[in-house]
Amino acid sequence: EPTPPAELVAIFPSADQLPENLLKFYLHFSRPMSRGEAYENIRLLDENGAAVPLPFLELGEELWDGGQMRFTLFFDPGRVKRGLMPHQEEGRALEKGKRYTLEILSKWKDGERRELEGGFRKKFEVVDPDYDQPRVDSWIVTTPLAETMDPVVIALGESLDHALLQRLIWIEDGGGDRVDGAIEVGQHETSWSWNPEMPWREGEYSVVVDPVLEDLAGNSPGRLFEETGGSSLPVETGLEKLIRREFRIEGSR
């Protein structure tokens with residue numbers, strides 16, 4: 001049976017207001033895509049519909065996941081980061097207060113050499129650049145009761161990197177063992193939930209965060225993407241340096 005051609009099903013970050021120093025987009029497709037055609041089929045348009053010149057980092061080896069269904073599109077870091085020559089000469093591709101459109105062309109071919117099922121446009125407004133590190137100690141953790149299958153829900157306070165949220169936060173029990181469950185990322189990547197496979201037991205638990213988790217501008221709890229702004233909290237990544245937020249599951253009332 002013939003299968004339908006690939007579609008672009010999601011773009012992250014999903015918010016319609018993004019920081020001026022946005023570092024990357026993730027493009028999610030319904031089927032595996034071809035290699036070597038990405039940059040010729042992606043355009044960044046300004047408010048007048050004109051293409052912004054050379055906004056992205058065009059790599060010879062395109063950044064796909066193992067299944068060829070998620071493409072990582074980086075803005076040129078040299079233009080994003082202040083103090084570098086490309087930034088001084090050309091400025092950022094995005095400017096605060098302006099609106100842009102990320103356009104995906106329908107002639108981009110999937111892995112079976114068929115054109116995308118329609119094109120795609122993401123419209124967004126650019127707001128202030130983000131020079132602050134994510135603060136795990138400011139997250140609001142909502143915990144369920146024992147003997148329930150309710151999720152642990154974390155309000156992150158800002159949009160964080162969608163792909164990294166899928167693998168750099170998890171739950172451990174009081175003995176340091178991971179709790180089996182499934183991750184759900186909330187609207188605009190501002191919340192994170194852990195849905196357990198088994199009912200919770202009363203006791204001590206921890207939210208565990210790898211300090212390389214990033215926000216939309218590449219800042220992490222371990223470092224700033226751009227050291228010239230904000231305050232840095234140097235943290236070396238590694239098992240002994242994982243960040244933990246302890247909480248307790250209470251018995252049902």
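Biologist: Which residues line the largest cavity?

Modeller: In this predicted model, the lining is made up of Phe12, Pro13, Leu22, Lys24, Tyr26, Leu160, Asp161, His162, Glu189, Asp215 and Leu216. The space inside the largest cavity comes to about 60 Å³.

Biologist: What makes a space like that a cavity, and what makes another one a pocket?

Modeller: A cavity is a set of points where a 1.4 Å probe fits but cannot get out, while a pocket is an open set. Counting those of 30 Å³ or more, there are two cavities. The largest pocket holds about 290 Å³ of space. It has 14 lining residues, and those nearest its centre are Val179, Met198, Pro199, Arg201 and Tyr205. Strand S13 (residues 203–209) gives the largest share of the lining of that pocket, three residues.

Biologist: Back to Phe12 and Pro13: what is the peptide bond from phenylalanine 12 to proline 13?

Modeller: That bond is cis, with omega near 5°. You will find proline 13 in the loop between S1 and strand S2 (17–19).

Biologist: Let's turn to the rings. Why are tryptophan 64 and tryptophan 108 called an aromatic pair, and which kind of pair are they?

Modeller: There are 13 aromatic pairs in the structure. For tryptophan 64 and tryptophan 108, the ring centres are 6.1 Å apart and the planes meet at 65°. Centres must lie within 6.5 Å to pair, and planes over 60 degrees apart count as edge-to-face. Both conditions hold, so this is an edge-to-face aromatic pair. The pair joins distant parts of the chain: tryptophan 64 is in the loop between strand S4 (42–45) and strand S5 (70–74), and tryptophan 108 is in the loop between strand S6 (99–104) and strand S7 (120–127), 44 residues apart.

Biologist: How do you know whether tryptophan 64 is buried or exposed? And what about tryptophan 108?

Modeller: Buried means under 20% relative accessible area. Tryptophan 64 has 11%, so it counts as buried. Tryptophan 108 has 0%, so it is buried as well.

Biologist: What kind of aromatic pair do phenylalanine 71 and tryptophan 108 form?

Modeller: Their centres are 6.1 Å apart with 85° between the planes, so with the bound at over 60 degrees this pair is edge-to-face. Here too, distant parts of the chain are linked, since phenylalanine 71 belongs to strand S5 and tryptophan 108 to the loop between S6 and S7, 37 residues apart. Phenylalanine 71 and tryptophan 108 are both buried. Elsewhere, Phe25, Phe56, Phe75, Tyr100 and Phe124 make up one aromatic cluster.

Biologist: Which residues of the largest nonpolar core touch the most other members?

Modeller: Among its 33 residues, those are Phe25, Leu27, Phe71, Leu102 and Trp108. At least two residues of this core come from each of strand S1 (8–12), strand S3 (24–29), S4, S5, S6 and S7. Apart from this core lies another, of 26 residues, including Ala146, Leu156, Leu165 and Val207. In soluble globular proteins, nonpolar side chains tend to be buried together.

Biologist: What makes you say that the charged end of arginine 178 sits over the ring of tryptophan 170?

Modeller: The charged end of arginine 178 is 3.8 Å from the centre of that ring, and the distance limit is within 6 Å. The term also asks for a position within 35 degrees of the ring normal, and arginine 178 does count as sitting over the ring.

Biologist: What stands out about phi of leucine 54?

Modeller: Phi of leucine 54 is near 45°, which is positive in a residue other than glycine. Leucine 54 lies in the loop between S4 and S5. Its relative accessible area is 60%, and exposed means over 50%, so leucine 54 is exposed.

Biologist: Why is histidine 188 called partly exposed?

Modeller: Partly exposed covers the range between under 20% and over 50%. Histidine 188 has 31% relative accessibility, so partly exposed is the right term. Histidine 188 sits in the loop between strand S11 (181–185) and strand S12 (191–196). It is not a glycine, yet its phi is positive, about 55°.

Biologist: And how many helices and strands does the chain have?

Modeller: The chain has three helices and 14 strands. Of its 253 residues, 46% count as buried.

Key:
Residues numbered from 1 in each chain as written. Predicted model: local features only at pLDDT ≥ 70, side-chain atom pairs only at ≥ 80, totals over all residues. Heavy atoms only, no water. Phe/Tyr/Trp six-rings, centres within 6.5 Å; stacked < 30°, edge-to-face > 60°. Helix = DSSP H or I, 4+ residues; strand = E, 2+ residues; numbered from the N terminus. Buried < 20%, exposed > 50% of the residue type's maximum accessible area, 1.4 Å probe, protein only. Core = buried A, V, L, I, M, F, W, Y, C linked by side-chain atoms within 4.5 Å. 1 Å grid on protein atoms, 1.4 Å probe; cavity = no way out; pocket = protein on both sides within 12 Å on 5 of 7 lines; lining within 4 Å. Points joined across faces, edges and corners; volume = space filled by probe spheres on them.
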